[in-house]
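Hi,

Here is the structure I promised to pass on. Have a look at it first, and then read my notes below.

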Amino acid sequence: MEDLKLHGFWYSPFTMRVVWTLKLKGLSYENIEEDRFNKSPQLLEYNPVHKKTPVLVHGGKPICESMLILEYIEELWPQNPLVPLDPYQRSQARFWVTYSDQLFPAVVQLILVDIADDEEKKKAIEKVQKLLKDVEDQCLLLVDEKLFFGGDTINMVDIAFGSMIKFLVAMEDLNELKVLEAEKFPRLHSWFNNFKNAPIIKENFSDREKMCANLKYIRKTIRELESSA
């Protein structure tokens with residue numbers, strides 16, 4: 001058994017990336033659940049710069065940032081490869097992984113959007129949809145009715161976007177709105193159905209109702225902290 005420990009928040013899209021990577025590689029690890037509002041001294045010691053999750057600790061050595069962790073795991077455990085071997089394909093995969101991170105701040109805005117304010121809600125939705133539209137129209141990794149960004153198997157791009165779309169779906173549930181519309185994004189919608197139903201992903205997919213309840217708690221806590229500041 002490898003000496004692996006994962007510090008993270010179970011509902012975080014960035015922690016999801018590492019969990020799915022470890023599971024796809026068939027690696028055992030100790031999960032250490034962190035508290036968003038009361039992070040452990042260990043976490044702060046392991047990531048003193050950003051003080052964020054996830055952090056993978058391997059043999060006492062911390063590795064930070066979700067996709068850097070994925071590539072670290074890939075180099076040590078090459079079974080079930082997640083990073084393309086071809087240099088050009090690898091560069092394209094890394095481009096879209098980087099692009100996927102732009103979704104996070106746009107999606108996070110939905111947690112505090114005023115649903116009663118139609119204009120605010122419309123702007124928040126359009127911001128996310130603009131990013132999704134670029135992927136739908138420009139990402140050649142999804143052409144030819146491929147199951148995944150990686151073709152017939154899941155790769156790093158699937159993990160990167162899968163975590164963000166899962167987080168987006170939770171935000172849709174939280175605010176009772178629809179952003180990833182099948183009519184507007186047929187390729188992305190079809191891909192996400194394939195991704196979430198892949199056996200290992202499905203087995204390690206956060207419960208939808210639990211995610212929504214947790215986001216409600218986070219929203220309430222953030223608003224309380226803002227009002228008391």
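Let's start with two helices, α3 (residues 66–76) and α7 (residues 156–175): their axes come within 11 Å and cross at roughly 150°. Helices here (H or I, at least four residues) and strands (E, at least two) are DSSP runs, numbered from the N terminus. Axes are lines fitted to C-alpha atoms, for helices over the stretch in contact, and angles run from 0 to 180 degrees between N-to-C directions. So α3 and α7 are roughly antiparallel to each other (angles under 35 degrees count as roughly parallel, over 145 as roughly antiparallel, 65 to 115 as roughly perpendicular and the rest as oblique). Their crossing is right-handed, i.e. the near helix is turned clockwise from the far one by less than a right angle (anticlockwise would be left-handed).

Where do they touch? M67, L70 and E71 in α3 meet M156, I159 and A160 in α7, with contact meaning heavy atoms within 4.5 Å. Five of the residues in this contact are nonpolar, none is polar and one is charged. (Ala, Val, Leu, Ile, Met, Phe, Trp, Tyr, Cys and Pro count as nonpolar, Asp, Glu, Lys and Arg as charged, and the others, Gly among them, as polar.)

Before going on, a word on the source: this is a predicted model, where local features need pLDDT of at least 70 and side-chain atom pairs count only at pLDDT 80 or more, while totals for chains, interfaces and linings use all residues. Residues are numbered from 1 along each chain as its sequence is written, and side-chain values use heavy atoms, with hydrogens and water left out.

α3 also has α1 to deal with: these two pack at an angle of about 15°, with their axes 9 Å apart. That is why α1 counts as roughly parallel to α3. The crossing is right-handed here too. On the α1 side the contact involves F14, R17, V18, T21, L22 and K25, and on the α3 side S66, M67, I69, L70, I73 and E74. Sorted by class, that contact has seven nonpolar, two polar and three charged residues.

Now the sheet. Four strands form an open sheet in the order β2-β1-β3-β4, with mixed pairing (two strands pair if DSSP finds at least two bridges between them). β2 (30–33) and β4 (61–64) are the edge strands, each pairing on one side only. From one strand to the next, the twist averages 20°.

How do the neighbours run? β1 and β2 pair in the parallel sense over four bridges, and K5 stands opposite E30 in β2. β1 and β3 run antiparallel, joined by four bridges, and L4 has H58 in β3 as its bridge partner. β3 (residues 55–58) and β4 are antiparallel as well, again with four bridges; V57 is partnered there by P62 in β4. α3 packs on the sheet, touching β3 and β4, and its direction makes about 125° with that of β4.

Is β1 buried or exposed? Four of its five residues are buried, where buried means under 20% relative accessible area, exposed over 50% and partly exposed in between (1.4 Å probe, protein chains only).

One last residue to click on is W191, in helix α8 (residues 186–196). W191 counts as buried because its relative accessibility is 0%. Leaving aside neighbours within four places in sequence, W191 is in contact with L142, L147, F148, F149, D158, F161, G162 and I165.

Cheers
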